[in-house]
Amino acid sequence: FVSYFHSFLKSYNKRLRTHPQVKYPLQREHHSLTGRVTFDENGNIVSIKILKWSQSDQIQELFEETLKEIRSLPNPPKALLQRDTKEFNIYYQLQIN
């Protein structure tokens, strides 16, 4: 959770500097996004799949950047690993307004 939160703040602040218009959809519209991040046994991101998209490109890009910014999870729990792939999934959501 902490890495996701920090990732969101970093991505939001970066996007706000480069695309200040992102604050308007954040303030005025409802958004609900879901993504699945697959990690390997060392906690490194293998893939990111967006499962529920936003109608706003700005918010969509913010969410994708947030998930990419996580990069890795330190000390992933071995109990989460799938036996055949040695990977595990974590689902993330972004709810706004």
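A residue counts as exposed when its relative accessible area is over 50%, and as buried when that value is under 20%. Keep those two cut-offs in mind while you look around this predicted model.

**The overall layout**

Let's start with the big picture. The protein has 3 helices and 3 strands, and if you walk along the sequence you meet them in the pattern α-α-β-β-α-β. The C-alpha atoms fit in a box of roughly 45 × 20 × 15 Å along the principal axes. Of the 97 residues, 37% are buried. Now take the contacts between residues at least 6 apart in sequence: 67% of them link residues at least 24 apart.

**Two helices that cross**

Next, find helix α1 (residues 2–18) and helix α3 (residues 57–70), whose axes come within 8 Å and cross at roughly 130 degrees. α1 and α3 are therefore oblique to each other, and their crossing is right-handed. On the α1 side, the residues that touch α3 include Tyr4, Phe8 and Tyr12, and among their partners in α3 are Leu62, Phe63 and Leu67. Sorted by class, this contact has 7 nonpolar, 5 polar and 5 charged residues.

**The nonpolar core**

In soluble globular proteins, nonpolar side chains tend to be buried together. Here, the largest nonpolar core has 19 residues, and Tyr4, Phe39, Phe63, Leu67, Ile70, Tyr92 and Leu94 have the most contacts inside it. Which elements give two or more residues to this core? They are α1, β1 (31–40), α3 and β3 (87–96). The top contributor is α3, with 5 residues.

Leu94 is a nice one to click on. Leaving aside residues up to four places away in sequence, Leu94 touches Tyr4, Phe8, His31, Ser32, Leu33 and Phe63.

**Two residues with positive phi**

Most residues other than glycine have a negative phi. Two residues here go the other way: Arg71 has a phi near 60 degrees, and Asn75 has one of about 50 degrees. Where does Asn75 lie? Asn75 is in the loop between α3 and β3, and Arg71 has its place in the loop between α3 and β3 too.

Are these residues buried or exposed? Check their values against the cut-off:

| Residue | Phi | Relative accessible area |
|---|---|---|
| Arg71 | near 60 degrees | 54% |
| Asn75 | about 50 degrees | 73% |

Arg71 is exposed because its 54% is over 50%. Asn75, at 73%, is over 50% as well, so Asn75 is exposed.

Conventions: Residues numbered from 1 in each chain as written. Predicted model: local features only at pLDDT ≥ 70, side-chain atom pairs only at ≥ 80, totals over all residues. Heavy atoms only, no water. Axes fitted to C-alpha atoms, helices over the stretch in contact; angles between N-to-C directions. Helix = DSSP H or I, 4+ residues; strand = E, 2+ residues; numbered from the N terminus. Parallel < 35°, antiparallel > 145°, perpendicular 65-115°, else oblique. Left-handed = near helix turned anticlockwise from the far one by under 90°. Contact = heavy atoms within 4.5 Å. Nonpolar A, V, L, I, M, F, W, Y, C, P; charged D, E, K, R; others polar. Core = buried A, V, L, I, M, F, W, Y, C linked by side-chain atoms within 4.5 Å. Buried < 20%, exposed > 50% of the residue type's maximum accessible area, 1.4 Å probe, protein only.
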